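Trainee: Got a few minutes to go through this one with me? I'd like to ask questions as they come up.

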4 protein chains.
Amino acid sequence: MSITASSDKGHTVQPNKQQLLNRLKRIEGQVRGVQKMFENEQYCVDILHQISAVQAATIKVSLALMEDHTHHCVVNAIEEGDKDKAIDELMDVMKRMVR
Amino acid sequence: MSITASSDKGHTVQPNKQQLLNRLKRIEGQVRGVQKMFENEQYCVDILHQISAVQAATIKVSLALMEDHTHHCVVNAIEEGDKDKAIDELMDVMKRMVR
Amino acid sequence: MSITASSDKGHTVQPNKQQLLNRLKRIEGQVRGVQKMFENEQYCVDILHQISAVQAATIKVSLALMEDHTHHCVVNAIEEGDKDKAIDELMDVMKRMVR
Amino acid sequence: MSITASSDKGHTVQPNKQQLLNRLKRIEGQVRGVQKMFENEQYCVDILHQISAVQAATIKVSLALMEDHTHHCVVNAIEEGDKDKAIDELMDVMKRMVR
């Protein structure tokens, strides 16, 4: 991952913005595909597998974004001595992910 | 839940089809919202919270669909003496959901 | 899985009782191992990996037990016309597992 | 949380060591309780609920430990300029937790 991220005045540059956007577009397409499966009254188990694929893809995006966030925003915050808020936020995100 | 489901020649009628479709449309909208957050370079933590909301909504749809599936397709299969395949499929879905 | 399960007066015979008990004993040993790692002040990341192994082993026991439960108790309940309670219970278990 | 942690020559002092040890002992007791439920051939659904409680307690210990780890080891690593390894390790832990 070649990284040119910087955090400037609270404005975060996502180093993998385009790649993550592409993945989200693919997820959007998968969700529309699931809707079509419902409309065509396909077999529930096939629909459930497709929804599991959406979940897996969504978790991967979360993890990738969390990784970028930690490498950049959290590291910046710690280097600037503002660590507690950054770590509390990160832990809050993790808690929601593992529920 | 008023249910008029029937399984006829492998064709499954989803009793909550419209409700689940509405939820999937809402999820599709949420995914598009996340894309917009990326495009507007919003704060990663806010994006991560929004992706967690997508995950939670997706799991709820899975559980609702799995519940309908069990009440109808699995019960039908068991009543028709074809239980093993139905239960194996259900467990396979469950395994994917808890990963 | 050779199965001799039967449900008699609400009394359930677990077909894989010994195998599941062995797995639970192994999990108990893993949990004690984690305690020892704490006492020896081992590196947190190593401890976290070991706790992840406990989680994975615990989920596998849940899934195996749920599979037996569905093949026996749920099928029995459905064959005896008492399906709704059995399916509600199963769904409740699933909801807790995926949280 | 009053914290006196320090990382000295790779030796990590866990600030909440005793509290986490107590929780792990409670989890060990819960796992033994589940074994007893199997031995007494209790109803599978009750056993499954108890195993879910083990899972929930285990995840809470993981999150608490991960939080301490981030506040101390990760922060130390970043302040000492050794951030990449620390963040890769943290992300690896996270990936295992959400599987």
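**Chat notes**

Mentor: Let's start with S62(B), which is buried, with a relative accessible area of 0%. Buried means under 20% relative accessible area, exposed means over 50%, and partly exposed is in between, using a 1.4 Å probe and protein chains only.

Trainee: What kind of model and numbering are we dealing with?

Mentor: This is a predicted model, where local features need pLDDT of at least 70, side-chain atom pairs count only at pLDDT 80 or more, and totals for chains, interfaces and linings use all residues. Residues are numbered from 1 along each chain as its sequence is written, chains are lettered from A and ligands numbered from 1 in the order in which they are written, and side-chain values use heavy atoms, with hydrogens and water left out.

Trainee: Okay, back to S62(B). Where is its place in chain B?

Mentor: S62(B) sits in helix 2 of chain B, residues 44–79. Helices here are DSSP runs of H or I with at least four residues, strands are runs of E with at least two, and both are numbered from the N terminus.

Trainee: And which residues does S62(B) touch?

Mentor: Leaving out residues up to four places away in sequence, S62(B) touches L48(A), I51(A), Q55(A) and M97(B). Contact means heavy atoms within 4.5 Å.

Trainee: How many residues of chain B are in contact with chain A?

Mentor: 41 residues of chain B are in contact with 41 residues of chain A. Between them the two chains bury about 4,400 Å², 67% of it on carbon and sulfur atoms. Buried area is the accessible area (1.4 Å probe) that two parts lose on being put together, summed over both. On the chain B side, F38(B), E41(B) and L48(B) lose the most area to chain A, together 15% of what that side buries.

Trainee: What rotation superposes chain B on chain A?

Mentor: A rotation of 180 degrees with 0.0 Å of shift along its axis does it, at an RMSD of 0.0 Å. Copies are superposed by least squares on the C-alpha atoms of residues with pLDDT of at least 70 in both. Also, 100% of the interface residues of chain B are interface residues in chain A too, so the copies meet through the same surface.

Trainee: And what turn lays chain C on chain B?

Mentor: A turn of 180 degrees and a shift of 0.1 Å along the axis lay chain C on chain B, with an RMSD of 0.0 Å. The two copies are thus related as by a two-fold rotation axis. Of the residues of chain C, V98(C) comes closest to that rotation axis, at 2.8 Å for its C-alpha.

Trainee: Switching topic: how many disulfides are there over all chains?

Mentor: The count is zero, taking a disulfide as a pair of cysteine sulfur atoms within 2.5 Å.

Trainee: Why is there no bond for C44(A)?

Mentor: Its closest cysteine sulfur, in C73(B), is 3.4 Å from the sulfur of C44(A), which is too far for a bond. C44(A) counts as buried, at 3% relative accessibility. C44(B) is in no disulfide either, with the nearest cysteine sulfur, that of C73(A), 3.5 Å away. C44(B) is buried at 4% relative accessibility.

Trainee: What's the order of elements along chain A?

Mentor: From the N terminus on they run β-β-α-α-α, so to speak the two strands and three helices of chain A. Of its 99 residues, 49% count as buried.

Trainee: Which residues are buried in helix 1 of chain B?

Mentor: Among them are L20(B), L24(B), V31(B) and F38(B). They pack against helix 1 (17–39) and helix 2 of chain A together with helix 2 of chain B. Just after helix 1, E41(B) takes a positive phi of about 50 degrees.

Trainee: Last one: which residues touch the most other members of the largest nonpolar core?

Mentor: M94(A) and M94(C) do, in a core of 130 residues. A nonpolar core is a set of buried Ala, Val, Leu, Ile, Met, Phe, Trp, Tyr and Cys residues joined through side-chain atoms within 4.5 Å. Not counting residues up to four places away in sequence, M94(A) touches M66(A), L63(D), M66(D), L90(D), M91(D) and M94(D).
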